Amino acid sequence: MNKDSYVIGVDYGSDSVRSVLVNAANGQELSASVYYYPRWKAGEFSVPADNQFRQHPLDYVEGLEYTIKECLAKAGDPAIAKAVKGISVDTTGSTPVAVDKTGTPLSLLPGFEENPNAMFVLWKDHTGVNEAAEINQHATKFDTNYLQFVGGIYSSEWFWSKLLHILRADEKVRGAIYSWVEHCDWVPFLLTGGNDVSKMKRSVCAAGHKALWAAEFGGLPPEEFFSSLDPLLKGFRDRLFEDTYSSDVAAGNLSQEWAERLGLTTDVVVGVGAFDAHMGAVGGQIEPYYVSKVMGTSTCDMVVAPNQEFGDTLVKGICGQVPGSVIPGMIGLEAGQSAFGDTYAWFKRIMMWPLQNLLANSKVLDEATAKALTEELSDKLIPVLAEQAAALPLTENSEFALDWFNGRRTPDANQMLKGAIAGLGLGSDAPRVFRALVEATCFGAKKIVDRFIEQGVPVKGLIGLGGVARKSPFIMQMMADVMNMPIRIHKSEQTCAIGAAMFAATAAGIYPRVEDAMAAMGQGFDAEYTPDATRAALYAKRFRKFTELGNAIEKQTVGSKPEEISDVQEEVVR
């Protein structure tokens, strides 16, 4: 390999896009850049009270150009730009958008610029919850179980639920839409100068985990499955895709336009995209039968297993099992929690409410001082809460909570569920409630690991990735204690972007296999948390209380009772 070969990994998160410029020989990070989506940050186009979360494609495009150009500028050597061999992209998902025949998102066309239904429907948008329930019920009418590779339950966070909801909700979009495209497929298409959506290379990761694509079905379910669900879906299957591709495959070369915009050459290979956690698992050097936990606003828990060992195993209630979705030649299994860091962020907003709403009108402090004080306390709040929560004695009857603040992704998707805090008393203060919330997210993670084990997938250990894993020893030690197994923390702070860089190096032909890129470019681990036997035993008792509370809440929640959910959901829950 040429020692002067460089690659760029682009990681689209919920709040920002991050790019890294990496030496392909050893994984050394030369530079990084972050761009926070301005429209998203301003709260445009989203209505949290209605579970509506939309993002404008201009946030993505502007961030893509800004971060790559800044990475090259920070590198300080103009020769490096000429030595960049590949770019790969990961995104959140399922985050699809309505496009025309050219593959252009409708919100980039006149008349749709301010229409949220013409924008990307972010992964955590749950406006399609009713449509998901209909899909689950509809699937029971067919001899073939088209939900078998997505855990048996279809989610409102996924491709078809969102499409059907948008078609029903917006006549104008319905009249202009030609196809429906995932974010991770659109960005490579954009970079390679695509102008015919039928020629877009679709990711097997997105297609298999969210869109019901499976080789066993010959691709997507048949036209009858969709048109009989709702006539609005008639014809969409044929305007989507037949073939899918793993992320070691090239989507094409950088177009002349984008080469000029970025200061690169058209020799740069653009890889097929994938979801963030799947590429993050590779960046975090995943191993067979280890749960790779990408922990951010939500979590995505990945497991890989060699195809020949996994056989015909079907794991119920997860987000799918797809050959090649993480590493070619291996089954990729996906699970996760709909809210992890978002749970802590919610509590922070509750705690910050008095400062943000009362200090501005203070007669004691001037406006500038009030603003500075609010910002200072906002930065300190979670670290201090964690410090004081860690010092609290743990008892069997301490406050406890449920982690369903954004519904439940896995096991057994149900976005109608809500979070809860129990065991409160007059002595329950902020650190105690925060400790209960952290414990709830750890218990939710344990539910996922237990489901893998129950379904015959051994779990050898945990790999922690992402900001929460690196920044919070308190949470990671509790995770190890609750799971009663060790958790290794990967050294890289940007495992998703580094994983994308590894795939870029593979797609560009620098390495023959992504495993070779992982071995050469991986940064290793720099921390490990091991369980404390005494705390683990106490958490096991508290976990039973968590389960009992969850069962009670689930029975009381509208849309969660057996008579109110689909037959297929009821069967899986049993």
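This section walks through the overall build of a predicted model and then turns to a few of its strands, a helix and some backbone details.

The overall dimensions make a convenient starting point. For a chain of 574 residues, a compact globule would be expected to have a radius of gyration near 25 Å, and the value of 23 Å found here agrees with that expectation. Along the principal axes, the C-alpha atoms occupy a box of roughly 65 × 60 × 55 Å. The secondary structure is made up of 21 helices and 20 strands. Of the 574 residues, 59% count as buried. The accessible surface amounts to about 22200 Å², and carbon and sulfur atoms account for 50% of that area.

Contacts and charges complete this overview. When contacts between residues at least 6 apart in sequence are considered, 73% of them join residues at least 24 apart. The chain carries 53 positive and 71 negative charges, and the mean positions of the two sets lie 3 Å apart.

Strand β5 is a good place to look at the fold in detail. The strand spans residues 84-91, and seven of its eight residues are buried, so β5 is largely enclosed by the rest of the structure. Its pairing with strand β1, residues 6-12, is parallel and extends over six bridges. Within this pairing, Val10 has Val89 of β5 as its bridge partner. A parallel pairing also links β5 to strand β10, residues 269-271, here over two bridges. In this case Gly86 stands opposite Val269 of β10. Strand β11, residues 274-275, likewise runs parallel to β5 and is joined to it by two bridges. The bridge partner of Asp90 in β11 is Ala274.

Strand β10 also holds Val270, a residue whose surroundings can be described closely. Val270 has a relative accessible area of 0%, and is therefore buried, the cut-off being under 20%. Leaving aside residues up to four places away in sequence, Val270 touches Ile87, Pro188, Leu191, Thr192, Ala250, Ala251, Gly252, Asn253 and Leu254. Among these contacts, Ile87 falls within the residue range of β5, 84-91. For a sense of distance, Lys234 is 36 residues from Val270 along the chain, and their C-alpha atoms are separated by 33 Å.

Helix α11 covers residues 276-283 and is mostly covered, with seven of its eight residues buried. Those buried residues are Ala277, His278, Met279, Gly280, Ala281, Val282 and Gly283. Just after the helix, Gln285 adopts a positive phi of about 55 degrees.

Strand β6, residues 96-99, shows an alternating arrangement of its residues. Pro96 and Ala98 point to one side while Val97 and Val99 point the other way, and all of them are buried. The strand pairs with β8, residues 179-182, in the antiparallel sense over four bridges. In that pairing, Ala98 is placed opposite Trp180 of β8.

Some backbone details deserve a friendly word of introduction. Most residues other than glycine have a negative phi, and most peptide bonds are trans. Against that background, a cis peptide bond is found between Gly93 and Ser94, with omega about 5 degrees. Ser94 belongs to the loop that runs between β5 and β6. Another cis peptide bond connects Thr410 and Pro411, where omega is about -10 degrees. Pro411 sits in the loop between β16, residues 400-402, and β17, residues 420-422.

Positive phi values appear at asparagine positions as well. Asn51 is not a glycine, yet has a positive phi of about 60 degrees. The residue is located in the loop between α1, residues 38-41, and β4, residues 54-55. With a relative accessible area of 24%, Asn51 is partly exposed. Asn484 also shows a positive value, its phi being near 55 degrees. Asn484 lies in the loop that connects α17, residues 473-483, and β19, residues 487-490.

Conventions:
Residues numbered from 1 in each chain as written. Predicted model: local features only at pLDDT ≥ 70, side-chain atom pairs only at ≥ 80, totals over all residues. Heavy atoms only, no water. Rg over C-alpha atoms; globule rule 2.2 N^0.38 Å. Buried < 20%, exposed > 50% of the residue type's maximum accessible area, 1.4 Å probe, protein only. Contact = heavy atoms within 4.5 Å. Areas by Shrake-Rupley, 256 points an atom, 1.4 Å probe, with all protein chains shown as cover. Lys, Arg positive; Asp, Glu negative; His and termini not counted. Charge placed at Lys NZ, Arg CZ, Asp CG, Glu CD. Pairing = 2+ DSSP bridges.
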